[in-house]
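The following exercises invite the reader to examine side-chain contacts and helix packing in a protein model. Each task is followed by a solution that proceeds step by step.

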Amino acid sequence: VLPLHIRNLSAGYIVFYNPRFLVREWRFYEFQDIVLHSLSEWDANRRLMNSLEKLREVYYKDLLTGVYSKTAIEPILLPWMSGQMEAGRRMTIFFIDIDGFKQINDSRGHAYGDYVLQNAAACIRSGLPESSFCYRYGGDEFVAIVSYTEKDSIPAFLDGIREGLREHHIMASVGLSDFTSDSSG
């Protein structure tokens, strides 16, 4: 039995029925080196890809609020919107700005301001359907894009966002813009 190790982990074993093979076939050790090198490269690539995926998550998300950040607009939002338009779905963009946020930060401190932003983001997300995209545009500004098929649902989404914000005593100005794609090209 010949163990195969990558770093300090056991990657497996090679079992020989005839150990005299090792004495006669010195090229086996070259083969073993090639296998171990390949397994090691595979393991390093797998770990690198996992790290890269975690890094992308951090890069595209706003660490304070958990919603997307502006860095996600081009690589994530635009392809998502393109797919929604190709499917002929309608979209509404909500622009949400927390009222008096500078005064909140100045009078109650930045830690409380962070708390307000976290609650605002949670209220916005909870008021939106799964087929939506929300990101923090700036300090106290959020943008949410909703894809839908029924126009009647937009007032319900708007009411849900406003009600959630009201429950947390957060005053905000909300504007919206509705648009559809021209399916004829």
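**Exercise 1. State which residues of helix 4 and helix 5 meet, and classify the packing of the two helices.**

Step 1. On the side of helix 4, the residues in contact are F101, I104, N105 and R108. They meet H110, Y112, G113, V116 and L117 of helix 5. The model is a predicted one.

Step 2. Helix 5 covers residues 110-126, and its axis runs 7 Å from that of helix 4. The angle between the two is about 140°.

Step 3. Angles over 145 degrees would count as roughly antiparallel, and those from 65 to 115 as roughly perpendicular. Helix 4 and helix 5 are therefore oblique to each other.

Step 4. R108 also lies over the face of Y112, at 4.0 Å from the ring centre.

**Exercise 2. Describe the salt bridge between K102 and D106, and determine where the two residues lie.**

Step 1. The closest N and O atoms of K102 and D106 are 2.8 Å apart, and a salt bridge requires such atoms to be within 4 Å.

Step 2. Both residues belong to helix 4, which spans residues 101-108. They are four residues apart, about one turn of the helix.

Step 3. K102 and D106 are both exposed.

**Exercise 3. Characterise the salt bridge between D43 and R46, and decide for each partner whether it is buried, partly exposed or exposed.**

Step 1. The side chains of D43 and R46 form a salt bridge with an N to O distance of 2.5 Å.

Step 2. The two residues are three places apart within helix 2 (residues 27-60), about one turn of the helix.

Step 3. Buried means under 20% relative accessible area, and exposed means over 50%. D43 has a value of 8% and is therefore buried. R46 has a value of 36%, so R46 is partly exposed.

**Exercise 4. Explain why the salt bridge between R90 and D178 ties together parts that are distant in sequence.**

Step 1. R90 and D178 form a salt bridge in which the closest N and O atoms are 2.8 Å apart.

Step 2. R90 is in strand 4 (residues 90-98), whereas D178 is in strand 7 (residues 172-179), so the pair ties together parts that are 88 residues apart in sequence.

Step 3. R90 has a relative accessible area of 27% and is therefore partly exposed. D178 is also partly exposed, at 26%.

Step 4. The count of salt bridges in the model comes to seven.

**Exercise 5. Determine whether I96 is buried or exposed, and identify the residues that it touches.**

Step 1. I96 lies in strand 4. Its relative accessibility is 3%, so I96 counts as buried.

Step 2. Leaving aside residues up to four places away in sequence, I96 touches I124, D140, E141, F142, L165, A172, S173 and V174.

Step 3. I96 and R136 are 40 residues apart in sequence, and their C-alpha atoms are 9.4 Å apart in space.

**Exercise 6. Identify the residues in the cluster of aromatic rings, and find which charged side chain sits over the ring of Y137.**

Step 1. The count of aromatic pairs comes to six.

Step 2. Ring pairs link Y68, W80, F133, Y135 and Y137 into a cluster.

Step 3. The charged end of K70 sits over the ring of Y137, at 5.1 Å from the ring centre.

Methods:
Residues numbered from 1 in each chain as written. Predicted model: local features only at pLDDT ≥ 70, side-chain atom pairs only at ≥ 80, totals over all residues. Heavy atoms only, no water. Buried < 20%, exposed > 50% of the residue type's maximum accessible area, 1.4 Å probe, protein only. Phe/Tyr/Trp six-rings, centres within 6.5 Å; stacked < 30°, edge-to-face > 60°. Lys NZ or Arg CZ within 6 Å of the ring centre and 35° of its normal. Axes fitted to C-alpha atoms, helices over the stretch in contact; angles between N-to-C directions. Parallel < 35°, antiparallel > 145°, perpendicular 65-115°, else oblique. Contact = heavy atoms within 4.5 Å.
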